[in-house]
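Me: I would like a close look at one part of this protein, the open parallel sheet of chain A and the helices that pack on it. Please take me through that part carefully and then place it within the chain and the assembly.

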2 protein chains.
Amino acid sequence: MKKNLDTFFKPKSIAVVGASKMSTKIGHAALKNILISEYECKLYPINPKEKQILGVKCYAKLSDITGSIDLVLISVPAMIVPQIMNECVQKKVKNVIIISSGFSEIGNYELENEIRKIVDGVKINVLGPNTMGYKNASDGLDASFVFGNPRKGNVAVISQSGALGIGMIYLANNEFVGLSKIIGVGNKLDIDDDDLITYFSRDPETKVMGLYIEAVKDGREFMNSIKDCNKPVLVVKAGISEAGARAAASHTGSMAGSDDIYSAAIKQAGGIRCRDIVELFDMARALAGQPPAQGNRIGIISNGGGLGIMLTDACVVNGLKIPKLSKKTYNKIDRILPDLVKPNNPVDLVADAGFYRYEACTRALLEDPGIDGVIVASVHGGYARPSEFTGAILKMVRERKLHEEFKKPILATWVGGKEFEDIVLDLKTAGVPIYPSTWRTARAMLSLYLEGERIKREKGLD
Amino acid sequence: MKKNLDTFFKPKSIAVVGASKMSTKIGHAALKNILISEYECKLYPINPKEKQILGVKCYAKLSDITGSIDLVLISVPAMIVPQIMNECVQKKVKNVIIISSGFSEIGNYELENEIRKIVDGVKINVLGPNTMGYKNASDGLDASFVFGNPRKGNVAVISQSGALGIGMIYLANNEFVGLSKIIGVGNKLDIDDDDLITYFSRDPETKVMGLYIEAVKDGREFMNSIKDCNKPVLVVKAGISEAGARAAASHTGSMAGSDDIYSAAIKQAGGIRCRDIVELFDMARALAGQPPAQGNRIGIISNGGGLGIMLTDACVVNGLKIPKLSKKTYNKIDRILPDLVKPNNPVDLVADAGFYRYEACTRALLEDPGIDGVIVASVHGGYARPSEFTGAILKMVRERKLHEEFKKPILATWVGGKEFEDIVLDLKTAGVPIYPSTWRTARAMLSLYLEGERIKREKGLD
């Protein structure tokens, strides 16, 4: 039975224990982030020494509050946390975020166990300790102590590293990928990755999940939650090397486990393991912005032979197929190419290709029932017309909405040039992922194929 | 006996056969690029119908020119090329670039063989056919028909794909990596990769070589040229998959050969195989800007535990070692860390690390004889101070020039944030490669280690 996290993510009342007037204190930043959110809820700063903080009436202790409390954020020295937790239990608080650090991550297992005993058998959800908290972009609530605003969108991020979690917000923002929620799980005393995966699988605001994990507490529960999940789950598992595992142990105090076992288990469960957070977001934006591929047969279009070949190599290495063109598609493309060039897959549109060649060729491949996804690429070989390249792709994305046979993913690749860097924003904002690397494009297409396969299994078609 | 290419790259006289007044013609663009170069040489446009082109006196045919000709660029229809080549031989032209396409790359082997017969036994160097020509940034001569100006620097690029070659100029420009020369080898009728590797190995302006190849004509010569080369040679070999090889065959008309054999042979010869052109330039800028690593023991510094762990993983997967800190180094770093945190390798400087922590820790690792290279990383975890991060690195790079023990490579990694995107330019312009990906940083460090090993072999130390 997984945790009910509705009041955790959408609390009607929040108390911040350790709220402070000092702007350098975490308890100050946490309270401020909630205020900045302009989220509708009751808010209670707790600090016995203050009358009010940031204009909000302050309480000496939790028991002074008359109403019920959905969520308590705790930011006090570690040794005082057990006392606060006892107060939370007495007050029948539903959810707690222990921001404070100084527990198992520095070897203080005893103190962490003390808290575990306090909540044992009690109906309370505890996040942390040693966590940044969460940012719920869907509902506009920032229950973390770190500054950083994600765009609102449909990727949920679960991170065992707080700093990296914030870094991922910036990564996502740069790529115009929106997040639904981002949460730091810290030492995972209670709320664990599997609880969150299960919650996000029912969250209508979440379409894709991305996890950064260093260690899993309950492998079986973790894998089962991925298996039962009706959405793509992307996993970066760090600490795969001995030296990395040693560092992970000192970072979050947990053992890392065998890398091969993780890889096999994640795959078996239907998740997708990513090499690093760059790949995680490459895949996330593909999955968030594009339909899944119904098979692994990919059509490749470029204006440079070499670029097409490198894309082909990268696709094939990743288990995708670049089939020969059907007679019908060959004829369609043959009509639009310069005389000396013959159609192939990858299609070489020649260096000076503009809107028309890109559009007609993308259309021909989308119409081909033997093609499951299309990669459209441009290299600035001296003649490139970036806005015609992106314009043609955007037109086909618009038409895709009208034609059933067009419901195939389109990804883009570009090589070189500041002219491109500006123009690629057009594609990113329209949800068409564009990558400055052939490898990254192929990996993203792989994720769309794997998602297509996952859905087939889910529907019992496979 | 390799070709002497001195007059090829530094001609005192150039003729452009097929020069044209029409700006859409390649013969026009080629002439214009030479003029734009402001390179000191005699220049002869050849066109029987014109008196002058772009203000330069025009000649009807090569034999009308009285002086000797070091280099002829040919841009006429393929079927006329043999006739022009005969004229070149009669005129005792030293070097020819056949820009024209329509030869083996479209299956017209007969026409290419005709040219081969014409130059057989003649002392003449022929580049192409089907080539963009070259850009000699060292001497400021653009003998190509494509627009695109590389920064002057010390990376020589050899590309079998013209469009990709130009794309690589833009890639290099964006990263502030300068090129010495960039050349398209086209169908490699005569001048081949091995001739160029040998030439660049003696070129004082070239420090690193990067090759994009789809097929090698003479495997033994190619590998020997890498083996004999006294500089790092980076190789992207495309057409590794069956579908990719099929596409390569139709791109340059040559067979691709077994991928595994290429990998093994390149490694055996002492070259470094790169996965794609992104990796090629990642490694090229490391090799161009940083000293090689004398061993594979890497120290990692970050302000986010997760980032340090991912860097560690990526290094170890690539054969690098992340050794435990020596007692001395541990003590040095322990003094500057916040109380709760203990030094490790990777070193976690904690999210709010500023100039001092970064500087002192980088210094401690550079001073440690058990560390051969340093990676300094920053993630924007809400508290990052990008300019302090880059400032500390730049200071250590300056000090490196003064201290013998500091002569170790420093690479940087960053995650997230527009604030970083601006500030990383400071590092790039100072020759400190900074990568937005843990994997790419580790691969670049690997290339510095491999270069250190290559130099040891060269000196007979290994």
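Reply: What follows starts with the sheet, moves to its helices and loops, and then widens to the rest of the chain and to its partner. Please keep in mind throughout that this is a predicted model.

The sheet in question is an open one in chain A, built from five strands in the order β2-β1-β5-β6-β7 with parallel pairing. Its edges are taken by β2(A), residues 42-46, and β7(A), residues 125-127, and because each of these has a single partner strand, one side of each is left without a neighbour in the sheet. Averaged over the sheet and with direction ignored, neighbouring strands are turned by 15° against each other. The pairing at one end can be followed in detail: β1(A), residues 13-17, runs parallel to β2(A) and is joined to it by five bridges, and among the residues involved, S13(A) has K42(A) as its bridge partner in β2(A).

Helix α2(A), residues 26-37, packs on this sheet and touches β1(A), β2(A) and β5(A), while its direction makes about 160° with that of β1(A). Helix α3(A), residues 81-90, lies across β1(A), β5(A) and β6(A), and runs at about 170° to β5(A).

The second of these helices also has a helical neighbour, since α3(A) and α4(A), residues 109-119, pack with their axes 10 Å apart and at an angle of about 10°. An angle under 35 degrees counts as roughly parallel, which means that α3(A) is described as roughly parallel to α4(A). On the α3(A) side the contact is made by V81(A), P82(A), M85(A), N86(A) and V89(A), and on the α4(A) side by E114(A), I115(A), I118(A) and V119(A). Sorted by class, the residues of this contact are seven nonpolar, one polar and one charged.

Two loops attached to these elements have backbone features that deserve a check in the viewer. In the loop between α3(A) and β6(A) sits K92(A), a residue other than glycine whose phi is nevertheless positive, near 55°. K92(A) has 11 other C-beta atoms within 10 Å and is therefore classed as exposed, the limit for that class being 12 or fewer. Beyond the edge strand β7(A), in the loop that leads to β8(A), lies P129(A), and the peptide bond from G128(A) to P129(A) is cis, with omega near 0°.

Further along the chain, strand β12(A), residues 208-213, can be set beside this sheet. Six of the six residues of β12(A) are buried, so the strand is largely enclosed by the rest of the structure. V208(A), G210(A) and Y212(A) point one way from β12(A), M209(A), L211(A) and I213(A) point the other way, and residues of both groups are buried. β12(A) has parallel pairings with β10(A), residues 152-159, through five bridges, and with β13(A), residues 233-237, likewise over five bridges. Among the individual pairs, S159(A) stands opposite Y212(A), and L211(A) has V235(A) as its bridge partner in β13(A).

Seen as a whole, chain A has 16 helices and 19 strands. Its radius of gyration is 25 Å, close to the 23 Å that the globule rule gives for 462 residues, so chain A is as compact as a globular protein of that length. The C-alpha atoms fill a box of roughly 85 × 45 × 40 Å along the principal axes, and 58% of the 462 residues count as buried. Of the contacts in chain A with a separation of 6 or more, 74% are between residues 24 or more positions apart.

Finally, chain A has a partner: 61 residues of chain B are in contact with 61 residues of chain A. On the chain B side, the elements that give two or more residues are α5(B), α8(B), α11(B) and α16(B), and the largest share, 10 residues, comes from α11(B). By class, that side of chain B has 29 nonpolar, 26 polar and six charged residues.

Key
Residues are numbered from 1 along each chain as its sequence is written. Chains are lettered from A and ligands numbered from 1 in the order in which they are written. This is a predicted model: local features need pLDDT of at least 70, side-chain atom pairs count only at pLDDT 80 or more; totals for chains, interfaces and linings use all residues. Two residues are in contact if their C-beta atoms, placed from the backbone, lie within 7 Å. Helices (H or I, at least four residues) and strands (E, at least two) are DSSP runs, numbered from the N terminus. Ala, Val, Leu, Ile, Met, Phe, Trp, Tyr, Cys and Pro count as nonpolar, Asp, Glu, Lys and Arg as charged, and the others, Gly among them, as polar. Two strands pair if DSSP finds at least two bridges between them. Axes are lines fitted to C-alpha atoms, for helices over the stretch in contact, and angles run from 0 to 180 degrees between N-to-C directions. The radius of gyration is taken over C-alpha atoms; the globule rule is 2.2 Å times the number of residues to the power 0.38. A residue is buried if 20 or more other C-beta atoms lie within 10 Å of its own, exposed if 12 or fewer, and partly exposed in between; C-beta atoms are placed from the backbone. Angles under 35 degrees count as roughly parallel, over 145 as roughly antiparallel, 65 to 115 as roughly perpendicular and the rest as oblique.
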